[in-house]
Amino acid sequence: MPFKENYEQSFSFKTEGKTYKGTNILGLIKGTELSHKYIVISAHYDHEGIKKGKIYNGADDNASGVSALFAFAEYFKANPPKHSVILSAFDAEELGLKGSKYFVKNSTIPHHKIVANLNMDMISRSDENELFVVGTRYNKNLKYLVSNIKHSSKVKLSMGHDGEDGRDNWTYSSDHVSFHKKGIPFLYFGVEDHEDYHEPTDDYENIHPEFYKEAVKVIISVFEKMDDTLF
């Protein structure tokens, strides 16, 4: 069902002297036990558009995350969540996280009722079969939760990229930071940058289907634990 009257949350913003119109797509799944508390599952659906006549399709960045939102929607048909869930496809991430910023700033839900954000951005390919989860550094409950997940034998789920392990810090790299700045716990799932990152070659032929399917299963398993644990 739509989060509000319909699925669209329209907004406008200015950047580099230009005015843009954006639209977030928001769906709601009512919780069976904790309908007054919410988990936001998000992915941005914008990409680079057309540059110098070349189309940037963004298969990994971030059609992979958006497709995972559909997988969650299918999952919830057979497995209704305890918490209410807002499935959020955010616009204008590439222009400065504008969609998620607008959603958080204009939320009709008090921030203390949003118990977590689960964000997915680039999850469909990895030469090392490794999926990173960022955010456990900032919340001991989430760190314990992720540490005790039974991971897939086909995908290595690694905590990191949070400013403590010498890798690039992804804390501020995608829509989850809009929640983080409001004190809302988050988990961000993503893979290492690859040669097609922000290139017109980021096409579906270059994703890793088996890794992608397993990665989505792992993320759903983390959500299951989150749904059972966070109150």
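Serine 126 is in contact with Val191, His208 and Phe211, leaving aside its neighbours within four places in sequence. This is a predicted model. An open sheet of 8 strands runs through the account below. Helices H1 and H2 both meet strands of that sheet.

**Serine 126**

- Serine 126 has its place in the loop between E7 and E8.
- Its relative accessibility is 12%. Buried means under 20%, so serine 126 counts as buried.
- A polar atom of the serine 126 side chain lies 3.1 Å from the backbone nitrogen of asparagine 129.

**The sheet**

- The strand order is E1-E2-E6-E3-E7-E10-E8-E9, and the pairing is mixed.
- Strand E1 (8–15) and strand E9 (156–159) are the edge strands. Each of them pairs on one side only.
- From one strand to the next, the twist averages 25°.
- In a regular strand, side chains alternate between the two faces of the sheet.

**Strand pairs**

- E1 and E2 pair in the antiparallel sense, over 8 bridges. Glutamate 8 has isoleucine 25 in E2 as its bridge partner.
- E2 and E6 also pair in the antiparallel sense, over 5 bridges. Here glycine 27 stands opposite leucine 87 in E6.
- Strand E8 (residues 130–134) pairs with E9 in the parallel sense, over 4 bridges. Glutamate 130 stands opposite lysine 156 in E9.

**Helices on the sheet**

- Helix H1 covers residues 59–78. It lies across strand E2 (18–29), E3, strand E6 (83–90) and strand E7 (114–120).
- H1 runs at about 150° to E3.
- Helix H2 covers residues 98–105 and packs on the sheet. It touches E1, E2, E3 and E6.
- The direction of H2 makes about 115° with that of E1.

**The largest pocket**

- Rolling a probe the size of a water molecule over the atoms shows where empty space is left.
- The largest pocket holds about 260 Å³ of space.
- Its lining has 14 residues. Closest to the centre are Ile25, Gly27, Leu69, Phe70 and Leu87.
- E2, H1 and E6 each supply at least two residues of this lining.
- Which element gives the largest share of the lining? E2 does, with 5 residues.
- Two of these names come up in the strand pairing: glycine 27 and leucine 87 stand opposite each other.

**Backbone exceptions**

- Most residues other than glycine have a negative phi, and most peptide bonds are trans.
- Glutamate 16 has a positive phi, near 50°. It has its place in the loop between E1 and E2.
- E1 and E2 form a hairpin with 2 residues between them, and glutamate 16 is in the turn.
- Is glutamate 16 buried or exposed? Its relative accessibility is 81%. Exposed means over 50%, so glutamate 16 counts as exposed.
- Alanine 92 also has a positive phi, near 60°. This residue lies in the loop between E6 and H2.
- Alanine 92 has a relative accessible area of 4%. That is under 20%, so alanine 92 is buried.
- The peptide bond from aspartate 61 to asparagine 62 is cis, with omega near 10°. Asparagine 62 has its place in helix H1.

**Aspartate 46**

- Aspartate 46 has its place in the loop between strand E3 (34–44) and strand E4 (49–51).
- Is aspartate 46 buried or exposed? Its relative accessible area is 11%. The cut-off for buried is under 20%, so aspartate 46 is buried.
- Leaving aside neighbours within four places in sequence, aspartate 46 is in contact with Asp61, Phe90, Asp91, Ala92, Glu93, Glu94 and Leu95.
- One of these contacts, Asp61, is also where the cis peptide bond to asparagine 62 begins.
- Another is alanine 92, whose phi is positive. The backbone nitrogen of alanine 92 lies 3.4 Å from a polar atom of the aspartate 46 side chain.
- How far apart in space are aspartate 46 and phenylalanine 76? They are 25 Å apart, C-alpha to C-alpha, and 30 residues apart in sequence.

Key: Residues numbered from 1 in each chain as written. Predicted model: local features only at pLDDT ≥ 70, side-chain atom pairs only at ≥ 80, totals over all residues. Heavy atoms only, no water. Buried < 20%, exposed > 50% of the residue type's maximum accessible area, 1.4 Å probe, protein only. Contact = heavy atoms within 4.5 Å. Polar contact = N/O pair within 3.5 Å; in protein donor to acceptor, adjacent residues only side chain to side chain. Pairing = 2+ DSSP bridges. Axes fitted to C-alpha atoms, helices over the stretch in contact; angles between N-to-C directions. 1 Å grid on protein atoms, 1.4 Å probe; cavity = no way out; pocket = protein on both sides within 12 Å on 5 of 7 lines; lining within 4 Å. Points joined across faces, edges and corners; volume = space filled by probe spheres on them.
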